[in-house]
Amino acid sequence: MNTIHRRSVLLAGLGAAGAGLLSACSGDTPGSAGKPHQPSGSALLSPSDPAVAAAEQQRHRSGREHRVKLTATAGPIDLGAGKTVRTWSFDGRLPGKEIRLTAGDTLVADLANHLPQSTSVHWHGLALRNDMDGVPPVTQRAVAAGGSFGYRFVAETPGTYWFHPHVGVQLDRGLYGPLIVEDPHEPLRYDDEWVVVLDDWLDGVTGTPDQALAALQRGMDHDSPSPGGSGKGNAHGGQDGMQGMGGMQGMEAMPGMDGTAGTTGTPGTGAGMDMDDPFMLMGASSRLLGGDAGDVKYPHFLVNGRVPDAPETYQGKPGRRLRLRIINAGGDTAFRVALGGHRMTVTHTDGYPVAHEPADALLLGPGERYDALVTLGDGVFPLVALAEGKGAAGLALVRTGSGRAPSATVRPEELNGRIPTATALRPADGVRLKARQPDVTHRIALTGGMTRYDWGLDGRRFDMNDADAHPYTVRSGQRVRLEFRNTTDMWHPMHLHGHTFQLGRSGPRKDTVIVLPGATVACDFDADNPGQWLMHCHNAYHGESGMMGLLGYRA
């Protein structure tokens, strides 16, 4: 057996089987685009309620303003290696230009929409004022083609965040960029930073995300669904997939753990797919994800907007300490990330610090972010973002000295090393929630499947134009628990707007968490940011098909 399959893979309970997470279960100023949808009744606080402005006034302010202009536009983008695509992006760049400010600064962002459709900007992960969250029609009216909107809010919490639209599946085009909020009292010691944005790409190659969504929503007539499941005939889903994850600490790596063994297909084309359908991915499987790895067939996987045959190269110096800020901006793909020849130290997830944890690789679902420190060696090293279960990867390079660049298909052995998943991490001192029993618990079933592509929450498909029809309600000051119970055969990266939650009693603070098939994950937070907030699967196609809900503050 070669070295890569002899390494132990430590998988500390991603979406763990409940022990620890569930041991304490209990109880039950807009811009020119105009005002948002208002609640149908008076029970919920609206985004324009005075309580929203009052909460903003209580945030720590530096007194500084950081002004940016964003132009959403259609046009060509060079992915490298002779691959130019027509897509939508911010200012003709992929990713969009980084926005960097200091905690307490006021971000003033002017959006000009030069697209043929309405759009918006959502500031993913930030606890900001509700009327600036960028979710039409809940928090604002969509910014019409040719229109503009001014976003203005205090960015109070340091961390690694990002921005993207919240209209349809525009996220799966090129409309995204990193948002870095620096800590004026940064406790980490490092020499340099590198922001790494991961993406799965089809726009302008096989079609558009809207065409992919339409194909998926036609459903799968040739497979019968398992109960509550995906109907894709995957042998690793359901309870067995979840229980397998829960018991894998210290086990030897098995076929399929490298994301390629146990699948068919060739790099760049996806795994085991139906060659007659340009969008639907068939047979992609990952034990890390509890079985089915994804729905969508992508021809390219990008790191900082580049294909593996023309990778971005980070130029560094041996011995220097580098901070990686890694963002998964993908629509349907979990990425397993490793830097060949190096071990990482995890320092943050979703912007919040954790007790430092060694890692050979990291697993990121769509919307998740991880920060890690590495001490650079001497030479040329591959940073590989393996598209989990899909038989392909994105690539960037780190060059600190002489040497030949590795091939575009390199797979460093670190990919099969120690992978501390979210629930293995512990919050750093100062960010752990104070011990408290929940005042309200919402038990939320993740439902639906591939056969009818009817993803939803509690058996309901969300309607953005009737968002407050079935809200999950809270009151200011409450400790709230959301229990996500995955009844489907697919993993779901669940994201909550406007707040960060703690995983169970002792897990890290996050805003996006992978919930494996058959698993239940408890997410606790304090209701301290009034308004109306989405919670949804951050698989763009699942969310847009109905796996969303509204968390509403009662008046």
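# Exercises on a predicted model

At 4% relative accessibility, R479 counts as buried. The model is a predicted one.

**Exercise 1.** Find the acidic partner of R479 in a salt bridge, and state what the pair ties together.

Solution.
- Step 1. The salt-bridge partner of R479 is D526, with 2.5 Å between the closest N and O atoms. The cut-off for a salt bridge is 4 Å, so this pair qualifies.
- Step 2. R479 belongs to strand β27 (residues 479-486), while D526 belongs to strand β32 (residues 520-526), so the bridge ties together parts that are 47 residues apart in sequence.
- Step 3. Buried means under 20% relative accessible area. R479, at 4%, is therefore buried, whereas D526, at 25%, is partly exposed.

**Exercise 2.** Place the salt bridge of D350 with K510 in the chain, and decide whether its residues are buried or exposed.

Solution.
- Step 1. In this pair the closest N and O atoms are 3.1 Å apart.
- Step 2. D350 sits in the loop between β18 (344-349) and β19 (352-359), and K510 in strand β30 (residues 509-510), so the bridge ties together parts that are 160 residues apart in sequence.
- Step 3. D350 and K510 are both buried.

**Exercise 3.** How many salt bridges does a search of the whole structure find, and which residues are linked with R100 in a network?

Solution.
- Step 1. The search of the whole structure finds 30 salt bridges.
- Step 2. R100 forms a salt bridge with E98, their closest N and O atoms being 2.6 Å apart.
- Step 3. R100 has a relative accessible area of 23%, which means that R100 is partly exposed. E98 has 32%, so E98 is partly exposed too.
- Step 4. The network of salt bridges links R100 with E98, E182, E186, E193, R323, R325 and D371.

**Exercise 4.** Work out the strand order of the open sheet of 5 strands, and name the edge strands.

Solution.
- Step 1. The order is β15-β23-β22-β17-β20, and the pairing is mixed.
- Step 2. β15 (313-315) and β20 (362-364) each pair on one side only, and these are the edge strands.
- Step 3. On average, neighbouring strands of this sheet are turned by 20 degrees against each other, direction ignored.
- Step 4. Inside the sheet, β17 (residues 335-339) and β22 (residues 380-387) pair in the antiparallel sense over 5 bridges. V337 stands opposite A385 of β22.

**Exercise 5.** Which residues of helix α2 are buried, and what do the buried residues pack against?

Solution.
- Step 1. Helix α2 (residues 209-217) has P209, A212, L213, A215 and L216 buried.
- Step 2. These residues cover an arc of only 160 degrees around the axis, so they lie on the same side of α2.
- Step 3. The spacing follows a general rule: an α-helix has 3.6 residues a turn, so residues three or four places apart point the same way.
- Step 4. The buried residues of α2 pack against α4 (540-545).
- Step 5. After α2 comes G219, which has a positive phi, near 80 degrees.

**Exercise 6.** Describe the protein chain by its secondary structure, its buried share and its accessible surface.

Solution.
- Step 1. The chain has 4 helices and 34 strands.
- Step 2. Of its 555 residues, 63% are buried.
- Step 3. The accessible surface is about 19,000 Å², and 47% of that surface belongs to carbon and sulfur atoms.

Notes:
Residues are numbered from 1 along each chain as its sequence is written. This is a predicted model: local features need pLDDT of at least 70, side-chain atom pairs count only at pLDDT 80 or more; totals for chains, interfaces and linings use all residues. Side-chain values use heavy atoms; hydrogens and water are left out. Two strands pair if DSSP finds at least two bridges between them. Helices (H or I, at least four residues) and strands (E, at least two) are DSSP runs, numbered from the N terminus. Axes are lines fitted to C-alpha atoms, for helices over the stretch in contact, and angles run from 0 to 180 degrees between N-to-C directions. A salt bridge is a side-chain nitrogen of Lys or Arg within 4 Å of a carboxyl oxygen of Asp or Glu. Buried means under 20% relative accessible area, exposed over 50%, partly exposed in between (1.4 Å probe, protein chains only). Accessible areas come from the Shrake-Rupley method with a 1.4 Å probe; for residues, only the protein chains shown count as cover. The arc is that of the directions from the helix axis to the C-beta atoms. Contact means heavy atoms within 4.5 Å.
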